[in-house]
Amino acid sequence: MYTRRQFLLGSISFFSAAQTSAYTFLLNKKSPNQLLLSACTDNNNKHYVTASTVDGQLYYKILIPERAHDSMYDVKNHHALYFGRSPSQNIYIVDVINRSLVKTITANKYRHFYGHGVLDKTSQYLYVTENNYKEGKGCIGVYDINEGYNKVNEFDSHGIGPHQLLLLPNQKTLVVANGGLLKHPSQPKKILNESNFNSCLSYIDSQTGTLLGRYDCAFPKNSLRHMAVNSEGKVLIGAQSYAGDPTIPLIFSHQGESTLTPFKAEEFIWQSHNQYTGSLAVKENTLAVTSPRGNIISFWDINTNTFLSKNNHNDIAGLLAYDYPTVEIPKASPIKTQFFASTGQGLVLQIGTNSVSSSFVDSTVIKQSYVPDIAWDNHLFLAKNT
């Protein structure tokens, strides 16, 4: 089994990483048209934040002192934001035009970041999941971009260990996956409440911090971590299991129900995820979920909450859905390119899906690029100048 610390240095053909051609992805030399953002680690265990073209050509690769986790793009200011991996104290801000690190946000005293954040639609406020480890509770930090990313507010996440947070389509409500795990940065690998933790989904008013709803995970020792939200506000949630049973559900949905709804699949499907989900992305009625520990990407019907299919890819983790193809597909082909995915072996995959029937989705790799000596980290973000 390959991991992010073991690299496949073989005969895989790969696209040139020359940065010169990346200038074609600038509009009037002011902003990027389309770039993939991710963190990575090389085979000397050095860590970077990167942007690359959809064809696999590096646009920049900037050294940082730690692993980063998720990223996002501020189109208004042409800034790429990279969140240090928990329990990081840092968020890294890169000027995409000049390809330079321009600022590092540092967590307040007795706080650390969990690796995720979200921007409001005006690109004024940045909301970040944080650990108040002095009091043993989660919180949401609010940073004003117009004031140089100063922290201007903080409110309760209404749970412990908030991991990913997203804004619902109304752009007013934050949804937070509270993982439930109590940790301290002095012992980052130790779960302090392992015998009794409570993971939950919370909805919070982004203006006031008021709790609008909280829904506990019904499966003990399931830690809710990552999410995707469709255009209608349906929330899809992925879990990581700390239970001994590898057959319990790891994927849930929520949209107004009194409880979280588990997805349905045969026990061997849950076993194949190896008690772990990574990134989630939704496109129309199809949810894609990566499992780097299970070495699979799985596909699910969000209308029926049922399993569709899976493909095997070693150490696959990063994932995003996109709205239009970046490669030419014959008009007669049933394939629709819908997802990008990345692996710990330096691959970026364009995955096409085709609804073979109402209960099955066929998926295939339409195109792949490879950057040698690189292990992509857990998440991908598509920066577009829109």
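Here is a short, friendly note on some features to look for as you turn this predicted model around.

1. **The largest pocket.** A good place to begin is the largest pocket, whose volume comes to about 1500 Å³. Its lining is made up of 43 residues. If you want to find the middle of this pocket, look for Leu 166, Val 229, Ala 321, Phe 381 and Leu 382, which lie nearest its centre.

2. **What lines that pocket.** Several strands give two or more residues to the lining of the largest pocket: β6 (68–74), β10 (111–119), β14 (162–167), β18 (222–229), β22 (280–283), β26 (316–321) and β31 (381–384). As for chemical character, 24 of the lining residues are nonpolar, 11 are polar and eight are charged.

3. **Aromatic pairs, starting with two neighbours.** How many aromatic pairs does the model have? The count comes to 11. One of the pairs joins Tyr 59 and Tyr 60, with ring centres 5.7 Å apart. The planes of Tyr 59 and Tyr 60 meet at 50°, so this pair is classed as tilted. Both tyrosines are buried.

4. **An aromatic pair between distant parts of the chain.** Phe 263 and Trp 300 also pair, with ring centres 5.8 Å apart; their planes stand at 85°, so the arrangement is edge-to-face. These two residues are 37 apart, and their pairing links distant parts of the chain. Phe 263 sits in the loop between β21 (261–262) and α1 (267–272), while Trp 300 belongs to strand β24 (residues 296–301). Phe 263 counts as buried, with 2% relative accessibility, and Trp 300 is buried too, at 0%.

5. **The cluster around that pair.** It is worth widening the view here. Phe 263 and Trp 300 belong to one aromatic cluster that also takes in Trp 270 and Phe 307.

6. **A lysine over a ring.** For another contact with an aromatic ring, look at Tyr 48. Lys 61 lies over the face of this tyrosine, at 4.5 Å from the ring centre.

7. **Cysteines without a bond.** A disulfide is a covalent bond between the sulfur atoms of two cysteines. The structure holds zero disulfides. Why is the sulfur of Cys 217 not bonded to the closest cysteine sulfur, in Cys 200? The two sulfurs are 9.7 Å apart, which is too far for a bond. Cys 200 is buried, with a relative accessible area of 0%. Cys 217 also counts as buried, at 10% relative accessibility.

8. **A cis peptide bond.** Please take a look at the step from Ser 86 to Pro 87. The peptide bond joining Ser 86 and Pro 87 is cis, with omega at about 5°. You will find Pro 87 in the loop between β7 (79–84) and β8 (90–95).

9. **Two asparagines with positive phi.** Asn 274 has a positive phi of about 55°, although it is not a glycine. Asn 274 lies in the loop between α1 and β22. Is Asn 274 buried or partly exposed? At 38% relative accessibility, Asn 274 counts as partly exposed. Asn 295 likewise is not a glycine and has a positive phi, here of about 60°. This second asparagine is found in the loop between β23 (286–291) and β24. Asn 295 is buried, its relative accessible area being 13%.

10. **Two residues to trace across the chain.** Ile 302 lies in the loop between β24 and β25 (306–312), and it counts as buried at 2% relative accessibility. Measuring from C-alpha to C-alpha in the model, Ile 302 and Val 282 are 8.6 Å apart in space, with their positions 20 residues apart in sequence counted as separation. Leu 174 is part of strand β15 (residues 173–178), and it is buried at 0% relative accessibility. Leu 174 and Asp 120 are 54 residues apart in sequence, and their C-alpha atoms are 9.9 Å apart in space.

Notes
Residues are numbered from 1 along each chain as its sequence is written. This is a predicted model: local features need pLDDT of at least 70, side-chain atom pairs count only at pLDDT 80 or more; totals for chains, interfaces and linings use all residues. Side-chain values use heavy atoms; hydrogens and water are left out. On a 1 Å grid over the protein atoms alone, a cavity is a set of points where a 1.4 Å probe fits but cannot get out, and a pocket is an open set with protein on both sides within 12 Å along at least five of seven lines; lining residues have an atom within 4 Å of a point. Grid points are joined across faces, edges and corners, and a volume is the space filled by probe spheres set on the points. Helices (H or I, at least four residues) and strands (E, at least two) are DSSP runs, numbered from the N terminus. Ala, Val, Leu, Ile, Met, Phe, Trp, Tyr, Cys and Pro count as nonpolar, Asp, Glu, Lys and Arg as charged, and the others, Gly among them, as polar. Rings of Phe, Tyr and Trp (its six-membered ring) pair if their centres lie within 6.5 Å; planes under 30 degrees apart count as stacked, over 60 as edge-to-face and the rest as tilted. Buried means under 20% relative accessible area, exposed over 50%, partly exposed in between (1.4 Å probe, protein chains only). A charge sits over a ring if NZ of Lys or CZ of Arg is within 6 Å of the ring centre and within 35 degrees of the ring normal. A disulfide is a pair of cysteine sulfur atoms within 2.5 Å.
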